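Subject: Structure to look at, with notes

Dear colleague,

I am passing on a structure for you to look through at your own pace. Please open it first, and then read the notes beneath it with the model in view.

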Amino acid sequence: MENILKEIKNNFDEKYANFSGKLLPNIDKNSMCGIRIPNAKSIAKKYANTDSGMMFLNNYIPKNLDEKNVFGLMLGYLKNEQKMLEYLDK
């Protein structure tokens, strides 16, 4: 799970965070890292069906917008549709 969070932080893009912050007026700019969507998709796809990904989905509560994006994208990459529906209900 820590490796997922580390990858999110490693993809921090300050310029993109500033740009996104202007588009999302109701979002606290300190609550986003500015990870670009293609990078978020790559992280989500890489970990979705792994033990680390399952631990992330089971135990972690996203703390910022970028973590929420990766969390949601990861749900879309799950191969087990039943598991995906369980997480959506959660």
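The notes below go through some helices and a few single residues.

Please keep in mind that this is a predicted model, in which local features need pLDDT of at least 70 and side-chain atom pairs count only at pLDDT 80 or more, while totals for chains, interfaces and linings use all residues. Residues are numbered from 1 along each chain as its sequence is written, and side-chain values use heavy atoms, with hydrogens and water left out.

Helices here are DSSP runs of H or I with at least four residues, numbered from the N terminus. In helix 2, which covers residues 14–23, the buried residues (under 20% relative accessible area, with a 1.4 Å probe and protein chains only) are Ala17, Ser20 and Gly21. These residues lie on the same side of helix 2, because they cover an arc of only 105° around the axis, where the arc is that of the directions from the helix axis to the C-beta atoms. On the other side of helix 2, Lys15, Lys22 and Leu23 are exposed, a word that stands for over 50% relative accessible area. For Lys22 the relative accessible area is 67%, and its C-alpha lies 30 Å from that of Tyr47, although the two are 25 residues apart in sequence. The N-terminal end of helix 2 is capped by Asp13, which has a side-chain oxygen 3.3 Å from the backbone nitrogen of Lys15.

Helix 1 (residues 2–10) and helix 4 (residues 51–59) pack with their axes 8 Å apart, at an angle of about 85°; the axes are lines fitted to C-alpha atoms over the stretch in contact, and angles run from 0 to 180 degrees between N-to-C directions. The two helices are therefore roughly perpendicular to each other, a term used for angles of 65 to 115 degrees. Asn3, Ile4 and Leu5 in helix 1 meet Ser52, Gly53 and Phe56 in helix 4, where contact means heavy atoms within 4.5 Å.

Two single residues are also worth finding in the model. Asn64, in the loop between helix 4 and helix 5 (65–77), is buried, with a relative accessible area of 11%, and its side chain reaches the backbone nitrogen of Asp66 at 3.1 Å. Pro38 lies in helix 3 (residues 37–47) and is exposed, with a relative accessible area of 57%.

With best wishes

Note on methods:
Polar contact = N/O pair within 3.5 Å; in protein donor to acceptor, adjacent residues only side chain to side chain. Parallel < 35°, antiparallel > 145°, perpendicular 65-115°, else oblique.
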